[in-house]
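Dear colleague,

I am handing over the structure below. My notes on it follow.

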Amino acid sequence: MGACVARMNGLDTVPQEHRRLSSVPMDHEYLAKKRVSSRRYYYAHLEENRKRAREKMRRLYAMTPEQRQAARIAKRDARLRKDTEILKFIDAHRSIIYGTLLGDSTIGVQEYGPVGRMVCLHAEDQKDYLFHKHSVFAPVATSAPRSRQSSNPNGQLEWRFTTKTSNEWYRLWQIFHQGSKKKTVTADILDALDDQGLAFWIMDDGCYSYMRSKSRPDYMQYRFHLCTEAFSQAENELIRSWFLERYGVHFAVERQKRRLKSGVIATYHRLRLGMIEYERQIVPRIQPFVIPSMVRKITRVPPLQVSTQ
C-alpha cells in the first residue's frame, strides 16, 4: 500500500523492507484479545475520544484538497523516517535487545495492524536497572520511566517505559513468538547474542541458590540459576547446548513442579550451573557490562550465620 501511494504521488522512495508487511502472518486470536482490551479502554474514555475526533474532523474539513494531500504525504514520510530510525537502532543494539527480550522485556502488538512497541518493566528494587535500560533505549523511547501501582495482589510499586511504535518491533515480535502469544527460543536468536547481550539476560533472569551441607552445617553450596521457566524443555536443551558450544559450561536442565491457583500441578524447566564454572567461564566475560546495582547477579551472597547449637 505504501509503495502504491508513493507511485501515485511520483515518490517511489519506500524502502524495500517496508513493502513486505502484507505477507507477514498475524496471530488473529491474540490480536482479537488485544482488540477487546482496547475497546474497554475506549469506552472508559469515550467523551474524550469523541471530542478529539470532532476536533480532527474540523481541521480536516478546513483544509483544501491540496493541503489534505500534503498532510497525508507528510504523515507517511514521518512514519517512514521513524521506522528507518528504529531499524537502525535495532541493527546497532540487536544483541542487547535480544538479551532483554529473552529476559523480562516484552513487545506489545497493536490490534489494528502489524505495529508493535517494546515494553520494559521492573519492580521498585530494580529501579536503577530500569533507568540503565532506558539510557540504552532513550533514542527510541517515548518518555522517561514512570512509576505505577502493580496490578498484582501485593500492589508493589513498579517502573516502566515503552518505545515508539513501529513495524520493526512487530517483526521482532514475529521472530520471538513465531505467530503465537508465548515466547520461543531459536538458534538464530541465541547466535545473535554477544557478551553484552548475555549480561542483560543474566541481569534480568539470573539468580543464586544455596544448599546447606548436612555434614557441615556452616557450609553453603552455591549454584547459579538462569530462570528459563517460560520456555519448554526442548528450548531449555537448546539453550544448554548453546552455552556449552559458546562458553564451554555444562548447564543442567532442572525440572520443577508448582501448584497453580486452579489446583493443577504444572511442570517447569530452568537451567542450573555450578558456581566454579559460572565464576570462571561466564562472569569475566559479562562483568564489564553489569551495573553496580546488579553486582549481586555475579557475586556470591555472603553465607548466613548458621548456629550450630
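**Ser 95 and helix 9**

A polar atom of the Ser 95 side chain lies 3.3 Å from the backbone nitrogen of Gly 197, a polar contact if the two N or O atoms are within 3.5 Å and, within protein, one can donate a hydrogen and the other accept it, with residues adjacent in sequence counting only if both atoms are side-chain atoms. This is a predicted model, in which local features need pLDDT of at least 70, side-chain atom pairs count only at pLDDT 80 or more, and totals for chains, interfaces and linings use all residues. Residues are numbered from 1 along each chain as its sequence is written, and side-chain values use heavy atoms, without hydrogens and water.

Ser 95 is part of helix 5 (residues 94-102); helices are DSSP runs (H or I, at least four residues) numbered from the N terminus. Its relative accessibility is 10%, so Ser 95 counts as buried (under 20% relative accessible area, 1.4 Å probe, protein chains only). Leaving out residues up to four places away in sequence, Ser 95 touches Ala 192, Leu 193, Asp 194 and Gly 197 (contact means heavy atoms within 4.5 Å).

Asp 194 also caps the N-terminal end of helix 9, with a side-chain oxygen 3.1 Å from the backbone nitrogen of Gln 196. Helix 9 is mostly covered, with 10 of its 11 residues buried. Among them are Gly 197, Phe 200, Met 203 and Asp 204.

Which residues make the contact of helix 6 with helix 9? Tyr 129, His 132, Lys 133 and Val 136 come from helix 6, and Phe 200, Met 203 and Asp 204 from helix 9.

Regards

Conventions:
Helix = DSSP H or I, 4+ residues; strand = E, 2+ residues; numbered from the N terminus. Buried < 20%, exposed > 50% of the residue type's maximum accessible area, 1.4 Å probe, protein only.
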